[in-house]
Amino acid sequence: MVSIQEPTVLALLVQAILYGFYLVLVILTLRWLIFDDRGWKLRGNINWAMLSTIILFFVFSTSDLLLSLLMSIVAMRGQTTAYNRYGIVNNMIENTTILMADAVLIYRCWVVYGKSWRVIIAPVLLWLAALSCSVLVICSQLIVGWESGFYRLWVVFYCSNILTNVYATGAIIYRIFKAASHRQSGLHKISRTLFESGFLYTLTSSMNLVSSIVVAPPIMRYISDAINFSMTGITFNLIIIRVHQQRHDYVADTRNSTATPHLSGLKFPSHTSELSTSTPTTTTSNDESYIKDQSRASTTLDLECGSNGISTYTSSSNDSIIRYANPMTAEY
């Protein structure tokens, strides 16, 4: 037990630091999910499913940190039985959190592709493989003991987790690029956000996989596991925050850019009339160009309805704006 005291304490320190960053992201995520984009007014249509998922992730992350603290304490005291018992519960929480994150990602991929089951056959099979390995590992630790090994099951678990994230994230990004026109830069920004977050999480999962395959020092395995679990919640919340911020900024810019023609016509009606009389061809051309630009901007990726995931949205003020594709919240 003495050999794992230092790795356990160092892993706890790393996890505590990342948990502080995660806690800030949770607060920001709740702000975007509960309150209106333009202020602190409660949303009329709160996505309760996503809000419940965020809260459940928070409960699991907090419980895992407390268990890691208890494991460090009993490791320092040399209490092997208590350490193994806490470790099994710790594995159950971490595996459940990872499987939940993968399930949400698969669901978003399913919605983005118009609820096509054919698209998600591969990630669902990979998810089931990871679930089976997780159950076998936990059962073996309960029956045989904490040091029973079963490293091959851990390898299959992390391989399935990595392949699921790569497949689902790549499929969502491809769908957004295929649906977005060259003027819908907001959708391309969302694709970049998904890629960056997916790459970060895949990188940490790969570190955990390598530490399971290679006979790595205990300190590497403990720290890589703490980083990988923390990144599950961090990347999940980070995507939601960045997508909401990008949507808010784009909608604000769109409203500012489309407000000028309407205000100009209302404020100077006589002057506009004179201009239209003297230069009818130019005015008509500009109006038609403006209408075509707005029409092109109205076609977006729909995550909630439609047979093919594409829909058209027009606001009550007759200003067509992009309804952002949000693969991680499916709120719009």
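## Close-up views of a predicted model

**View A. The side chains of Glu196 and Arg242 form a salt bridge, with 2.7 Å from N to O.** In this predicted model, the structure holds one salt bridge, and the partners are Glu196 and Arg242. The pair links distant parts of the chain, since Glu196 belongs to helix α6 (residues 185-213) and Arg242 to helix α7 (residues 218-267), with the two positions 46 residues apart in sequence. Glu196 has a relative accessible area of 35% and is therefore partly exposed, and Arg242, at 23% relative accessibility, also counts as partly exposed. Side chains of opposite charge can pair when their charged atoms come close.

**View B. Glu94, a residue of helix α3 (residues 80-112), is buried yet has no salt bridge.** The nearest side chain of opposite charge is that of Arg221, which lies 11 Å away from Glu94, whereas a salt bridge requires a side-chain nitrogen of Lys or Arg within 4 Å of a carboxyl oxygen of Asp or Glu. When residues up to four places away in sequence are not counted, Glu94 touches Asp64, Asp225 and Phe229, and two of these residues, Asp64 and Asp225, count as negative, as does Glu94.

**View C. Helix α4 (residues 121-143) packs with helix α5 (residues 151-179) at an angle of about 155°, their axes lying 8 Å apart.** Angles over 145 degrees count as roughly antiparallel, and α4 and α5 are therefore roughly antiparallel to each other. In passing α5, helix α4 makes a left-handed crossing. On the α4 side, the contact is made by Ala122, Pro123, Leu126, Trp127, Ala129, Ala130, Cys133, Ser134, Leu136, Val137 and Gln141; on the α5 side, the contributing residues are Leu153, Trp154, Val156, Phe157, Ser160, Leu163, Thr164 and Tyr167.

**View D. The chain that frames these close-ups has nine helices and two strands.** Read from the N terminus, the elements follow the order α-α-α-α-α-α-α-α-α-β-β, so that the two strands come after the nine helices, as the run of DSSP elements is numbered from that end. Of the 332 residues in the chain, 48% are buried, and Glu94 of View B is one of the buried residues. Among contacts in the chain between residues at least 6 apart in sequence, 73% join residues at least 24 apart.

Terms used
Residues are numbered from 1 along each chain as its sequence is written. This is a predicted model: local features need pLDDT of at least 70, side-chain atom pairs count only at pLDDT 80 or more; totals for chains, interfaces and linings use all residues. Side-chain values use heavy atoms; hydrogens and water are left out. Helices (H or I, at least four residues) and strands (E, at least two) are DSSP runs, numbered from the N terminus. Buried means under 20% relative accessible area, exposed over 50%, partly exposed in between (1.4 Å probe, protein chains only). Contact means heavy atoms within 4.5 Å. Axes are lines fitted to C-alpha atoms, for helices over the stretch in contact, and angles run from 0 to 180 degrees between N-to-C directions. Angles under 35 degrees count as roughly parallel, over 145 as roughly antiparallel, 65 to 115 as roughly perpendicular and the rest as oblique. A crossing is left-handed if the near helix is turned anticlockwise from the far one by less than a right angle, and right-handed if clockwise.
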